[in-house]
Each structure stands twice: as C-alpha cells, then as structure tokens.
Amino acid sequence: MPEISVVILAAGAGKRMKSDLPKVLHPLCGLPMIEHVLKSAHAVRAKQTIVVASKKSDPVSQYFRNNSKIKIAYQGQALGTGHAVHSAEKFLKRSKGYVVILYGDDPLVKPETLRKFVDTVVKEKKTLGFVTAILPNPFGLGRIVRNPMGDAEKVVEEKEATEEIKKIKEINTGIYCVQSEWLLQTLKKLEKHPVTGEYYLTDIVEEAIAEGVRVLGFVGEDPDEFCGINNRKELARADEIIRGRLIEYWFSKGVAFIDPRHVYLDATVTIGEGSLIYPQTFLYGKTKIGKNCLIDSGSILRDMVVGDGVTIKPYCVLEESVLEKEAVVGPFARLRPHSHVGPRAHIGNFVELKKTKIGKGAKANHLSYLGDAVIGEEANIGCGTITCNYDGVKKYPTKIGKKVFVGSDVSLVAPVTIGDGATIGAGSIITDNVPPGALAIARQRQINKKNWAKKRKK
Ligand code: UD1
Ligand code: MG
C-alpha cells in the first residue's frame with residue numbers, strides 16, 4: 001500500500017451558515033463537524049493528516065492546538081479549494097504516494113465507503129480518483145459533466161452552470177484521492193475563476209482528462225453520505241442522518257427504542273444491552289447508560305453515568321452525576337453536577353440534588369432540596385426537607401447518618417450532622433447536631449384554644 005496523506009479543508013469562511021463559529025466546528029450529534037470527517041479519514045490509515053485552517057489564531061487551529069496527530073497548514077486568505085490544498089504543499093512535497101482530500105463540511109461519508117474508494121484508486125493505479133453521487137436535489141453543488149461516452153469530463157459549479165448543466169443530478173462530493181506528485185504539479189497550473197476570483201480544486205479533473213492520465217470517477221451509492229453542509233438547514237439534516245445511524249447501531253447492540261425518530265443522542269453516548277428508551281429522551285455528552293435500564297419520556301441526561309437496571313421516570317433533568325444500579329429517579333427529578341445516587345436509592349418527584357451523595361437504598365421521594373449533603377444508607381428524607389447549605393457567603397455540608405428518619409418539612413441548617421438512626425420531627429428547623437438514635441424536635445408546641453371560634457363570633 002503506498003503512503004497516504006489526508007488533507008482536510010477547513011479554511012473557508014462558511015458565510016452561508018451566518019455564524020461567528022467556523023462551519024466545520026458546528027456540532028453534529030455532539031461532536032464538531034470536522035471530528036466526523038476525521039473519524040471517516042481514520043479508515044484510510046494515513047501516514048499524516050493535515051487540516052487546512054485560515055490562520056494560527058482562528059478557532060479551527062485553536063481547536064487542534066493540543067492534538068499532536070494533526071498537522072495544520074495555513075491558507076491565509078480563502079482563495080478557493082484549489083488554493084487551500086496548495087497551502088499544504090510543504091507537508092506533501094516529500095510524499096510519493098497518494099493524497100486523500102476531504103472537505104471539512106462533508107462529514108457524512110462512511111469510513112467503509114472511503115476505504116473502498118481509496119483501495120480502488122490505488123489498486124487500479126489511477127492518477128486521480130474522485131467520488132460523485134446522484135442526488136435528488138443537487139442545488140448548490142458542483143455538477144459532473146460527462147461526454148457522450150459517459151466519461152466524466154469536468155466539474156461545473158452551480159454559480160457558473162448553464163440551465164442545462166443545472167439539471168444534472170450527478171454531483172462532486174468533494175472527496176478525492178490523487179497521486180501526490182501529479183497533484184502538486186497540477187495545483188500550480190490552476191487559474192482563478194473570473195466569477196468568484198477563486199482557484200477551484202475541481203479543475204484538476206478537467207486537467208487530468210486533458211492530459212489523458214488515468215482517472216476514476218467513483219459513484220457513491222448512498223446519497224445520504226454525500227450531502228455537504230453549507231447552511232443551517234443542511235446542518236440539521238446531517239444531524240438527523242447521523243442520529244439515524246447511531247440509533248441503527250444501538251439497535252444492533254440490543255437497545256430498544258419505542259419511537260426512535262424522537263430520541264436525540266450524541267455520538268459520544270453509550271447504552272447497554274436490554275435498555276429501553278422512550279421518545280423525547282435527550283442523551284448528551286459522555287453519558288453512559290448501563291444494561292436493562294428504563295428511560296421513560298421527556299428526560300435530559302448530560303454527562304451522566306447510569307448503572308445497570310436503573311429506572312428514570314418521565315421528565316428528569318440530570319447532569320454530571322452517577323446513578324448506581326437499580327436506582328429509581330423521577331418523575332420530575334433534578335440532579336445537578338457531582339451528585340451520586342447509591343444502589344436502589346429513590347429520588348422522586350420535584351427533588352433537587354446538588355453535590356449530594358445518597359446512600360444505598362435511601363429515599364427522598366417528594367419536594368426536597370438536598371445540596372452539599374451526604375445521606376446514609378436507608379435514610380428516609382421526608383417530603384419538603386431542605387438543606388440550608390448557604391448563608392449568603394459560604395456553602396456548608398449536611399451529614400445524615402444511616403437509617404435516619406427525617407419527617408416532612410424539615411430545614412437542616414448547615415453545617416449540621418445527624419447521627420445514625422436518629423429521627424427528626426416534622427416541621428423542625430435543625431440548627432444543632434443530633435446524636436445517633438435521638439429524636440430531635442425543633443418547633444413551637446401547639447396551643448389549642450377551646451371554643452375560640454364561638455367566643456369570637458359573639
Ligand atoms: C465544493 C466543490 C463542489 C462540491 C461541494 C461538495 C469546489 C470549487 N467546489 O463546493 O464541486 O460539489 O464542495 O460539498 O471545490 N475551503 C477552504 N479554503 C477555501 C475555500 C474552501 O479551506 O478557500 C474549505 C471549506 O472550509 C470547506 C470546503 O473547503 O470545508 C469546501 O468549501 P465550500 O465553500 O463549502 O465549497 P462548496 O461551495 O460547497
Ligand atoms: Mg461546501
């Protein structure tokens with residue numbers, strides 16, 4: 001196998017996105033677009049991978065700043081795709097093999113397709129190979145003009161196409177595999193296009209035909225792999241395509257979805273076998289879901305670690321926390337970062353946790369705020385319990401021992417410690433530590449005034 005260099009073009013302005021963020025950094029299923037391109041590029045086992053960015057300070061260069069596997073070439077001014085590849089010359093000069101060129105805004109090509117294409121170019125010893133596709137709606141893309149024999153002759157951009165050419169449905173996908181030395185020679189010959197003032201990489205196709213070198217026009221089969229992204233609508237469509245692939249993948253791993261079209265998940269999420277996901281579930285970031293979990297409708301999970309057999313009832317918002325095996329959460333529970341719910345513990349309706357550890361089998365089932373707290377095994381936190389963890393300046397911890405019973409509507413003014421097995425009377429405001437096994441009641445005694453109503457009416 002000859003040596004392969006991958007060049008990814010990412011220095012364009014992306015004006016059609018109407019965004020301050022460079023186009024190739026827009027997220028698709030939780031990863032910047034260009035990461036999807038890199039994932040596919042992985043399939044060709046390149047000796048080097050070069051990303052063409054505009055300048056050192058641009059967000060794309062910054063994004064790869066600490067990535068030693070990526071070399072950055074600077075294009076300076078965006079003078080077109082041909083000019084962009086030329087900017088990588090210093091990395092390609094010594095290469096004797098092939099250069100695989102990918103556009104940073106074409107993130108949908110599958111690794112296996114890219115592999116097959118590159119293998120064919122190499123095996124058939126072509127000088128230039130490029131991938132085309134037949135799209136039902138080719139608007140905006142470069143069209144492939146073929147001669148009467150059916151051989152590709154040139155690529156014509158939408159802006160420069162005649163009405164006749166605009167009717168062509170075969171497009172240039174922006175994926176090329178080119179013999180390095182020929183590529184570098186040919187890039188030098190490119191001329192500016194008068195309409196846009198740009199150097200088009202696509203002109204290498206016409207040049208190859210004119211020179212009579214060996215060319216392969218490889219027709220990609222699945223149009224969904226070749227939708228380049230130039231605007232926000234195409235971005236949304238690409239997101240949908242990638243999501244569909246992720247769902248297919250998780251189906252194959254034994255995950256069940258009730259209505260897969262309405263589940264949103266990032267490419268970085270993992271889900272265990274036997275888990276069942278209801279519609280309107282949002283799984284983001286580094287979320288890891290164990291086996292045989294049930295996630296009912298309406299929940300949002302971000303960077304969560306969920307153990308096996310966990311049940312998440314509808315409408316929970318859970319972030320950067322851990323749910324251990326067989327925990328039950330929701331409906332309407334809120335976990336803020338750094339919370340940890342132990343095995344078989346229950347966090348119920350309208351309960352908010354922040355930096356709180358809930359012991360094995362403990363329960364807080366209704367209407368509570370538990371912040372900066374550690375709650376022992378099998379403790380029972382009554383409805384409406386609140387940890388008063390903040391005095392307006394600092395945060396303080398609350399410690400609740402094992403098997404503690406906290407009655408309803410209790411305020412625990414931190415810092416405070418409740419010993420194992422203690423009981424707190426309902427409605428108490430606890431400001432002092434409670435020894436193990438004690439009963440603490442901190443509220444006014446009730447007074448009943450006999451016949452009060454009758455007297456008042458007189
Ligand atoms: C390009 C192709 C078109 C093809 C389409 C596929 C050319 C002239 N046209 O058009 O035939 O159908 O892609 O999606 O190649 N870039 C740079 N520097 C530049 C210009 C662009 O790095 O000076 C990068 C962009 O960041 C982008 C990629 O090259 O990632 C493609 O540029 P874009 O402007 O999107 O080209 P299209 O108009 O989509
Ligand atoms: Mg494009």
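**Local environment of V310, packing of α7 and α8, and a nonpolar surface patch**

In the predicted model, V310 is in contact with N292, C293, L294, L323, E324, K325, E326 and A327, its neighbours within four places in sequence being left aside. The residue itself is located in a loop, which connects β20 (305–306) with β21 (311–312). With a relative accessible area of 1%, V310 falls under the 20% limit and is therefore classed as buried. A further spatial relation involves I295, which is 15 residues from V310 along the chain; the C-alpha atoms of the two residues are 8.2 Å apart.

Helix packing was examined for α7 and α8. Two packed helices are described by the angle between their axes and by the distance between those axes. For helix α7 (residues 180–189) and helix α8 (residues 203–211), the axes come within 10 Å and cross at roughly 110 degrees. This angle lies in the range of 65 to 115 degrees, so α7 and α8 are roughly perpendicular to each other. On the α7 side, the contact is made by W182, L183, T186 and K189, while α8 contributes I204, E207, A208 and E211.

At the surface, a nonpolar patch is formed by Y315, F332, F350 and L367, which together have about 430 Å² of accessible area. One of these residues, F332, is found in the loop between β24 (328–329) and β25 (334–335). The relative accessibility of F332 is 39%, a value between the 20% and 50% limits, and F332 therefore counts as partly exposed. V310, also a loop residue, is by contrast buried.

Conventions
Residues are numbered from 1 along each chain as its sequence is written. Chains are lettered from A and ligands numbered from 1 in the order in which they are written. This is a predicted model: local features need pLDDT of at least 70, side-chain atom pairs count only at pLDDT 80 or more; totals for chains, interfaces and linings use all residues. Side-chain values use heavy atoms; hydrogens and water are left out. Patches are made of residues with over 30% relative accessible area and no salt bridge: like charges are joined within 9 Å, nonpolar side chains (Val, Leu, Ile, Met, Phe, Trp, Tyr) within 5 Å. Accessible areas come from the Shrake-Rupley method with a 1.4 Å probe; for residues, only the protein chains shown count as cover. A salt bridge is a side-chain nitrogen of Lys or Arg within 4 Å of a carboxyl oxygen of Asp or Glu. Helices (H or I, at least four residues) and strands (E, at least two) are DSSP runs, numbered from the N terminus. Buried means under 20% relative accessible area, exposed over 50%, partly exposed in between (1.4 Å probe, protein chains only). Axes are lines fitted to C-alpha atoms, for helices over the stretch in contact, and angles run from 0 to 180 degrees between N-to-C directions. Angles under 35 degrees count as roughly parallel, over 145 as roughly antiparallel, 65 to 115 as roughly perpendicular and the rest as oblique. Contact means heavy atoms within 4.5 Å.
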